[in-house]
Amino acid sequence: MFSKLKLLAKDTVIYGASTILARSLNYILVPLYANKLSTFDNGIQAVVYANIALANVIFCYGLETSYLKVASDAIKNNRDERRYFSTAFFSLVVTSTLFALLIALFAPSIATMIGLSAEAGTFVRYSALILWLDTMLVIPFAELRLKRKAVQFALAKVMGVVGGVVSAFILIIPLNAGLDGVFIAEALGSLVSLLFVLPVLMNLQPWFSFGMYGELLRIGLPYVPTGIAGLLIHLIDRNLLIRIPQSDVERLYGSGFQASDIVGIYGRVAAFGVVLQMFIQVFRFAWQPFFLQHADDPDAKQLFRQVMNLSSIAVIVLAVACTFFVPDLVRYHYGGRLYLLPPKYWMGMSILPWIFFSYVFDMVSSNLSAGLLITGNTRVLPVVTFAGAVVTSICCWILIPMSGMDGAAVAILAGTAVMCLCMGYFSLKFFPVRYDWGRLSMLLGAGLAFAAWHGDLLRFLAGYGMTGSIALFLKLLIVLLYLALGTLIFRSEALLVIRRLTSRNRHAEDGGAARP
């Protein structure tokens, strides 16, 4: 048993590290695109990439999950899973080629449909190529996961990102390829990943079974609506923001801006949410095997309560810290030559608190998901996801015309909050745990108050000449005071952590003293 858990932990670390490394490398492109492309071009890229993510669910139509299921069952029953591998791969080759050709053929109409001009059809055609290449990777990556070839999986993922990042720098800086270079670099990155998984394709056989294909569809298709709804929570904002009337753009932001400019600014600023996104992703990689391992422990519910408290405190404090300090990092002129985002993007910084705090609800939802997975009641997850997607969409429709970028960010916060509430309702129904909702709400409420009024606070300080280093020191002091408030509210947990750390240090010192 212990050896199996060690293998699981090892694979989790490799998959997690590779995913985080890939995201971090991709993030290098944010200042590159912000500094080298116009806000208008960044807006086109944001809208097309949002729809690539949605189209990717349709291109794959759940076959990754269904292949893992049927292939693992075949291996358990000592049957040859390679026929499933061949059927799944060849079916995706055919369907993705058909889908890509249709997108390429109707590219101008699709561009208009997603809120862009017909001239943006070129970028829609690029997206068809990217989607086709990414779909070719789905089954080989699933095979690597199935066979526990975590290192090969990580290498293919990371090298694909490295290839894309290097290509982007070459195409955009020396070759001045502009927005075309962004899409070409993305396609080249996918092609590099495909080259790294070619050995996996040696398992292909000249075989296709309609019976097996039907089995794969039966398992995979139900995941499509849930997948689209999950993505809509974080992507519907761009698809609706691009449709904001020009009169509203001018009313909110003045003349000289178009809807695509606003989406470009919004997308680049919202990308700074990756700080909390990666933090939560690291937690999820460790959390799922942890709660499944300890689900039957006598003190499991008390343990999960402590995990909820500690993880929520960490992400709330991180959200407050990011709210105060990320704008300073963005506005800093590095070497007198480079901004992370040029000044024309700074008008969008007001969305950051809402983006950061939306991830607080994601963290709470991640904790609550344990109850559904432990009890096997995952059938309610689509309800949770669709509730979040519907609320996000409705709030976007209402708030974007009223307040533009800020309305879109508040809609994301509202959608994740509703999804969290639904997750809590079902999780506690099937797996009751006495979480510290009162104390957590108090800490979250204080954090949201800081986020809502931090801009007024900074203007108040500036009115008294407190800028630069003095303002930075005062902001650090405020964050430390907030941390002290959290420690006071959760003093029993804080004392437990201090005792553990003190005990560990004492053991380390005793060990050091015992050495000759």
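This passage describes the nonpolar core, one buried arginine and the cysteines of a predicted model. Local features were taken at pLDDT of at least 70 and side-chain atom pairs at pLDDT 80 or more, while totals for chains, interfaces and linings use all residues. Residues are numbered from 1 along each chain as its sequence is written, and side-chain values use heavy atoms, with hydrogens and water left out.

The largest nonpolar core (buried Ala, Val, Leu, Ile, Met, Phe, Trp, Tyr and Cys residues joined through side-chain atoms within 4.5 Å) holds 155 residues, and Tyr67, Leu116, Tyr266 and Phe357 touch the most other members. Helix H17 (residues 381-430) supplies the largest share of this core, with 17 residues; helices here are DSSP runs of H or I, at least four residues long, numbered from the N terminus. Beyond four places in sequence, the contacts of Tyr67 (heavy atoms within 4.5 Å) include Tyr84, Phe85, Ile139, Leu146 and Leu216, as well as Glu81 and Glu143.

A charged residue is worth a look too. Arg238 lies in helix H11 (residues 223-241) and is buried at 14% relative accessible area, where buried means under 20%, exposed over 50% and partly exposed in between, with a 1.4 Å probe and protein chains only. Outside its neighbours within four places in sequence, Arg238 contacts Ala46, Val47, Ala50, Val263, Tyr266, Gly267 and Ala270.

Turning to the cysteines, zero disulfides were counted, a disulfide being a pair of cysteine sulfur atoms within 2.5 Å. The sulfur of Cys322 is too far for a bond because the closest cysteine sulfur, in Cys420, is 19 Å away. For Cys396, the closest is that of Cys395, at 7.4 Å, again too far. Cys322 is buried at 7% relative accessible area, and Cys396 is buried at 1%.

Note on methods. Helix = DSSP H or I, 4+ residues; strand = E, 2+ residues; numbered from the N terminus.
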